[in-house]
Structures are given as C-alpha cells and as structure tokens.
Amino acid sequence: MIEIIFDTETTGLNHTQGDRVLEVAFIEIVDKKKTGRILHHYFNPEKKITEESTNIHGLTNEFLSDKPKFSEIADELWTFIEGADALVAHNSAFDIKFLNNEFHLVNKLKKDSLYPKLENKFKIIDTLIMARENFPGQRNNLDSLCKRFNIDISKRTIHSALLDTELLLEVYIAMSIKQTDMNLSPVRRAQINKSKGSKSNLSAKSGVVIYADESEVQVHEAFMESIKKAS
C-alpha cells in the first residue's frame, strides 16, 4: 500500500478569507516502509504574513519572496502524490481544505488543468482520529504523541512542515502497530490465548507455534527501522 505522509504551514487558519499555503512536505511509504521519496517546497503566498503566524512557523515574507508560487509547481506536487492509495495527516481536514483550495485556484488560473478534490481521489487517514480512538480522553497533539512513543522532538522549536511530517511518520507507524495489536481477528486472538493459556506448552516437545502473518511482519520491520533510526 502506497501512503503519503504530509503536512502544511499556512498564512492563517481560514482559506476562505484568503489564507494560503506557505510550505508543504510529502514523504512516501510503501507497506509502512520509507521509500526515500520526499518532496518539500516553500511558497510565495502572494499576501502579507501576520506576525502571529510567523511566530508559529518562523516564515516571513522576506524569506518567501523568491520562492515559487503554488501554481508554478502544482504539477510537480500532483505527480508526486497521484499514485498513492492514501494521504496521511494529523487533523487532516485542515490540510486537505488548504491544499484543495490551492489546487482549485490553479484550476481557475490554468484552464487546461483539472485537479480533483483530494478526498475524491485518495483515502484520507487522519492520525488525530486514530489517536483519539487509541488514547481517549488524553492529549493527542503531535508533541504529546511523540512523547508517548518516545520520539525525539528536541528540534521542534517551531512548526515546520518537513520536520512535522518526519515526526508524524514515526507516530503513524507506532500507532499502526498498536492498532494491529488491538484489532486482532477473533480467530487469531483465540490462537494466541490458547497458546498462552496452555500449561503443557512449557514441557511439551511440540507446542503451538503461531507465525506472524505478512502484514504483522511488515509492521514489525517498520517499527524496528524506527528504533534503529532513533538510536
């Protein structure tokens, strides 16, 4: 399964009032493993960035003045994600609305372009929803999730689409492992419980052997890779 982990930084909170995307980062994974494909861009938003917004992500009009407009590299962005099965983001509704708006503006600008709404083409996976299901009643922002899974956030002094996407990737893999454990099929759970509950297994010459299925092996390998990276 091809998934794109992504994040955006914006000039404000409301695209209907003219706020624009300043930065976007995409990281591709296949079966929960990084492929090495990463796309990261800053944009000239063509509007003044408020001081309040700059305090969040550190981006200024001066820094972004020589960066491309979204419309200039929309094709590159779309080409990167178009083969994916799913897009993964934290509080995805926010990022999806902003990206949809940017692609919509390009559609109006270039009459030969036609970018559909992201939710109409891709499965959207929201890690905030996943976190609320796994950790009800707890803080589930990105910082809290990183701390919960012992992921280093020392470099996260400001919001950065690229860094936040890298952190979200680690969180997503960790939560996928947790959900795999929580969502065992009744048959497989019965197998494991039978194996754990059998007193004779300790002394029997041939006990019950339960092999990991393919999806569990992939998730385990991804988890081991994240541990390797962290250490």
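**Exercise 1. Work out what share of the contacts in the protein joins residues 24 or more positions apart.**

Step 1: Start with the term: a contact means heavy atoms within 4.5 Å.
Step 2: Keep the contacts with a separation of 6 or more; residues 24 or more positions apart account for 66% of them.

Before going on, a word on the source: this is a predicted model, where local features need pLDDT of at least 70, side-chain atom pairs count only at pLDDT 80 or more, and totals for chains, interfaces and linings use all residues. Residues are numbered from 1 along each chain as its sequence is written, and side-chain values use heavy atoms, with hydrogens and water left out.

**Exercise 2. Count the helices and strands, then find how much of the protein is buried.**

Step 1: Helices (H or I, at least four residues) and strands (E, at least two) are DSSP runs, numbered from the N terminus.
Step 2: That gives 10 helices and 5 strands.
Step 3: Buried means under 20% relative accessible area, exposed over 50%, and partly exposed in between (1.4 Å probe, protein chains only).
Step 4: By that rule, 43% of the 231 residues count as buried.

**Exercise 3. Describe the two sides of helix α6 and its N-terminal end.**

Step 1: Helix α6 covers residues 127-134, and its buried residues are Thr127, Leu128, Met130, Ala131 and Asn134.
Step 2: Look down the axis of α6: these buried residues fall within an arc of 160°, so they line one face of the helix. The arc is that of the directions from the helix axis to the C-beta atoms.
Step 3: Arg132 and Glu133 sit on the other side of α6, where they are exposed.
Step 4: At the N-terminal end, Asp126 acts as the cap, with a side-chain oxygen 2.8 Å from the backbone nitrogen of Leu128.

**Exercise 4. Find what lines the largest pocket.**

Step 1: On a 1 Å grid over the protein atoms alone, a pocket is an open set of points where a 1.4 Å probe fits, with protein on both sides within 12 Å along at least five of seven lines; lining residues have an atom within 4 Å of a point.
Step 2: The space in the largest pocket comes to about 690 Å³. A volume here is the space filled by probe spheres set on the points, which are joined across faces, edges and corners.
Step 3: There are 29 lining residues, and Glu9, Leu13, Ile56, Phe94 and His159 lie nearest the centre.
Step 4: Two or more lining residues come from each of β1 (2-10), α1 (51-57), α4 (92-109), α7 (142-148) and α8 (161-182). β1 gives the most, with 5 residues.

**Exercise 5. Place Ser65 and Asn107, and say what each one meets.**

Step 1: Ser65 belongs to the loop between α2 (61-64) and α3 (70-81).
Step 2: The side chain of Ser65 reaches the backbone oxygen of Glu62 at 2.9 Å. From C-alpha to C-alpha, Ser65 and Asn44 are 5.7 Å apart in space, though 21 residues apart in sequence.
Step 3: Asn107 is in helix α4 and is buried, at 18% relative accessible area.
Step 4: Leaving out residues up to four places away in sequence, Asn107 touches Ser113, Leu114 and Tyr115.

**Exercise 6. Compare the phi values and surroundings of Lys32 and Glu46.**

Step 1: Most residues other than glycine have a negative phi.
Step 2: Lys32 has a positive phi, near 70°, and Glu46 has a positive phi, near 60°.
Step 3: Lys32 is in the loop between β2 (21-30) and β3 (33-42), while Glu46 is in the loop between β3 and α1.
Step 4: Lys32 is buried, at 17% relative accessible area, whereas Glu46 counts as partly exposed, at 46%.

Conventions
A polar contact is a pair of N or O atoms within 3.5 Å; within protein, one must be able to donate a hydrogen and the other to accept it, and residues adjacent in sequence count only if both atoms are side-chain atoms.
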